[in-house]
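The report below follows the strand pairing, the core and a few selected residues of one protein chain. The sequence and the structure come first.

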Amino acid sequence: MRLAVPLLALAAACATKGAGEPFTLVSVDEVESMLGRPGVAIIDANTRETFDENHLPGARWYRAAPSLGAVLPADKGTRLVFYCASPT
């Protein structure tokens, strides 16, 4: 099953990466395989309208809280996946 939402950029912060390389690009298929897994948080950086119409299952809208930190999970070992459909 392919994801319906168009994704131009995906970045995952991985707790196992070294300090010099904290981010890596991941494919749509990799993100799809992470959906609903424990230890993974999906963060949507789209506009409210785009989030409402097309967010990934279980995604958190980062603008829903007063700060990005409020949307992030308490467990610092959680793999974070950020995505958006537009660079603006």
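In this predicted model, strand β3 (residues 40-44) and strand β5 (residues 79-84) pair in the parallel sense, and 5 bridges join them. Within that pairing, Ile42 has Val81 of β5 as its bridge partner. Strand β3 also pairs in the parallel sense with strand β4 (residues 60-61), here over 2 bridges, and Ile43 stands opposite Arg60 of β4. Between these two strands the chain passes from β3 through helix α2 (residues 48-54) to β4, forming a β-α-β crossover that is right-handed. Because 4 of the 5 residues of β3 are buried, this strand is largely enclosed by the rest of the structure.

These elements belong to a chain whose secondary structure comprises 3 helices and 5 strands, arranged along the sequence in the pattern β-β-α-β-α-β-α-β. The protein chain has 88 residues, of which 30% count as buried. Among its contacts with a separation of 6 or more, 55% come from residues 24 or more positions apart. The area that the chain exposes is about 5500 Å², and carbon and sulfur atoms supply 57% of it.

Which residues make up the largest nonpolar core? Its 10 members are Val26, Val31, Met34, Ile42, Phe51, Leu56, Ala59, Trp61, Val81 and Tyr83. Helix α1 (28-34) and strand β5 each supply at least two residues of this core. In soluble globular proteins, nonpolar side chains tend to be buried together. The bridge partners Ile42 and Val81 are both among the core residues.

Phe51, another member of the core, is found in helix α2. With a relative accessible area of 9%, Phe51 lies under the 20% limit and is therefore buried. When neighbours within four places in sequence are left aside, Phe51 is in contact with Asp44, Asn46, Ala59, Arg60 and Trp61; of these, Ala59 and Trp61 are also listed in the core. Phe51 and Ala85 are 34 residues apart in sequence, and their C-alpha atoms are 9.9 Å apart in space.

Asn46, one of the contacts of Phe51, has its place in the loop between β3 and α2. Is Asn46 buried or exposed? Its relative accessible area is 4%, and Asn46 is therefore buried. The side chain of Asn46 reaches the backbone nitrogen of Ala85 at 2.7 Å.

His55 is placed on the other side of the helix in sequence, in the loop between α2 and β4. At 36% relative accessibility, His55 counts as partly exposed. Apart from neighbours within four places in sequence, His55 is in contact with Asp44, Thr50 and Tyr83, and Tyr83 is itself a core residue. His55 and Asp44 are 11 residues apart in sequence and 7.0 Å apart in space, taken from C-alpha to C-alpha. A polar atom of the His55 side chain also lies 2.7 Å from the backbone oxygen of Phe51.

Thr78 is found in the loop between α3 (68-71) and β5. Its relative accessibility is 10%, so Thr78 counts as buried. The partner of its side chain is the backbone oxygen of Asp75, which lies 3.0 Å from a polar atom of that side chain.

The table sets out the polar contacts between side chains and backbone atoms described above.

| Side chain | Backbone atom | Distance |
|---|---|---|
| Asn46 | nitrogen of Ala85 | 2.7 Å |
| His55 | oxygen of Phe51 | 2.7 Å |
| Thr78 | oxygen of Asp75 | 3.0 Å |

How values were computed. Residues numbered from 1 in each chain as written. Predicted model: local features only at pLDDT ≥ 70, side-chain atom pairs only at ≥ 80, totals over all residues. Heavy atoms only, no water. Buried < 20%, exposed > 50% of the residue type's maximum accessible area, 1.4 Å probe, protein only. Contact = heavy atoms within 4.5 Å. Areas by Shrake-Rupley, 256 points an atom, 1.4 Å probe, with all protein chains shown as cover. Pairing = 2+ DSSP bridges. Right-handed = clockwise from strand over helix to strand, strands pointing away. Polar contact = N/O pair within 3.5 Å; in protein donor to acceptor, adjacent residues only side chain to side chain. Core = buried A, V, L, I, M, F, W, Y, C linked by side-chain atoms within 4.5 Å.
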